[in-house]
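The following note sets out points for a colleague who wishes to read the fold alongside the sequence. The points are numbered for ease of reference.

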Amino acid sequence: MKVLLSPAKSLDFKSQIPTEKNSFLCFEKEAEYLNSILKRKSPKDLSDLMGISSKIAELNYERNHDWSLPFTLKNARQAVYAFSGDVYRGLDAYSVDINNINFMQSSVRIISGLYGLIKPLDLIQPYRLEMGTKLVVNGSRNLYEFWADAITNDLLKELKSDSILVNLASNEYFNVIKKSKIEQTIITPVFKDFKNGNLKVISFYAKKARGMMVRFIVKNKFKNLQEIQSFNLGGYSYSEEH
């Protein structure tokens, strides 16, 4: 089983990490190349390109210029402890039992606009580059074109014939995957809440629920669909009817 997640815009590079165990990016050279492009852009360029405020553009201009290899625990941290958005609050990786970290490392993959495909313990440095950013890269019109083959092929190498792919990423990130190349079963859980008498996807709760499902899978070391359907955190449960 492989579980896909999106990254988060919010980052935490200050909290004390629970383990020094780490790994290295598969697409380090590609990330370095993308960073070299970003370094040539002014704060105004970044603001226009990403649709962000001048303050956030200045921050990321500094991040781009501080970015350098090699990554170590002194200048980087493991991705699963660096991302801190709603999904990662649901996952709460800082409290994942040390005995389950290896399972998380082998099962979970994070799709990134800068880093490609990240393992939870891969070291990363602060960045901002969403997959939907229309960055022209070496003949590719955008990041989808730049990453599609590389990410899909790397994922295929990891999927066994009887594996299932659990998509807990947003559409923005999952759309980089060439689904036609994947023969294995793809599962995309949808989390809905009752509002005004109807079931609806409420973004904040759905994001947190995706993280909770990752935690549930990792804690129980699940490997098949039937086990995933037993998910029962945050008031959610599987509905055959829906």
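**Notes on the predicted model**

1. **An exposed asparagine with positive phi.** N196 counts as exposed, because its relative accessibility is 68%, a value over the 50% cut-off. The model is a predicted one. N196 lies in the loop between β8 (193-195) and β9 (198-200). Its phi is positive, at about 55°, although N196 is not a glycine. Most residues other than glycine have a negative phi.

2. **A second asparagine of this kind.** N138 is found in the loop that runs between β5 (123-124) and α7 (143-158). Phi of N138 is near 45°, again a positive value in a residue other than glycine. N138 counts as exposed, because its relative accessibility is 64%.

3. **A cis peptide bond.** L69 and P70 are joined by a cis peptide bond, with omega at about 0°. P70 belongs to the loop between α3 (54-66) and β2 (77-78). In general, most peptide bonds are trans.

4. **The chain as a whole.** The protein chain contains 10 helices and nine strands. Its radius of gyration is 18 Å, close to the 18 Å given by the globule rule for 242 residues, so the chain is as compact as a globular protein of that length. The C-alpha trace spans about 50 × 40 × 35 Å along its principal axes. Of the 242 residues, 49% count as buried.

5. **Contacts across the sequence.** Contacts between residues at least 6 apart in sequence were examined, and 71% of them join residues at least 24 apart.

6. **Surface and charge.** About 12500 Å² of the protein chain is exposed, and carbon and sulfur atoms supply 47% of that area. The chain carries 34 positive and 26 negative charges, whose mean positions are 2 Å apart.

7. **Strand β3.** How many residues of strand β3 (residues 108-112) are buried? Five of the five are, so β3 is largely enclosed by the rest of the structure. V108, I110 and S112 point one way from β3, while R109 and I111 point the other way, and all are buried. In a regular strand the side chains alternate between the two faces of the sheet.

8. **Partners of β3.** Strand β1 (residues 2-5) pairs with β3 in the parallel sense over three bridges. Within this pairing, V3 has V108 as its bridge partner in β3, and L4 has R109. β3 also pairs with strand β4 (residues 116-118), here in the antiparallel sense and over three bridges. I111 has L117 as its bridge partner in β4. β3 and β4 form a hairpin, with three residues between them.

9. **Strand β1.** Are the residues on the two faces of β1 buried or exposed? K2 and L4 on one side and V3 and L5 on the other are all buried, and both faces are thus covered. β1 is also joined to β6 by three bridges, and these two strands run parallel. V3 stands opposite V166 in β6, and the bridge partner of L4 in β6 is N167. V3 is therefore bridged to V108 in β3 as well as to V166 in β6.

10. **Strand β6 and its further neighbour.** Both faces of strand β6 (residues 164-167) are covered, with I164 and V166 buried on one side and L165 and N167 buried on the other. Strand β7 (residues 185-187) pairs with β6 in the parallel sense over three bridges. L165 stands opposite I186 in β7.

11. **A buried position in α7.** A148 is found in helix α7. With a relative accessible area of 10%, A148 is buried, a value under the 20% cut-off. Which residues does A148 contact, leaving aside its neighbours within four places in sequence? A148 is in contact with V176 and K178. A148 and E183 are 35 residues apart in sequence, and their C-alpha atoms are 16 Å apart in space.

Definitions and conventions: Residues are numbered from 1 along each chain as its sequence is written. This is a predicted model: local features need pLDDT of at least 70, side-chain atom pairs count only at pLDDT 80 or more; totals for chains, interfaces and linings use all residues. Side-chain values use heavy atoms; hydrogens and water are left out. Buried means under 20% relative accessible area, exposed over 50%, partly exposed in between (1.4 Å probe, protein chains only). Helices (H or I, at least four residues) and strands (E, at least two) are DSSP runs, numbered from the N terminus. Two strands pair if DSSP finds at least two bridges between them. The radius of gyration is taken over C-alpha atoms; the globule rule is 2.2 Å times the number of residues to the power 0.38. Contact means heavy atoms within 4.5 Å. Accessible areas come from the Shrake-Rupley method with a 1.4 Å probe; for residues, only the protein chains shown count as cover. Lys and Arg count as positive and Asp and Glu as negative; His and the chain ends are not counted. The place of a charge is taken as NZ of Lys, CZ of Arg, CG of Asp or CD of Glu.
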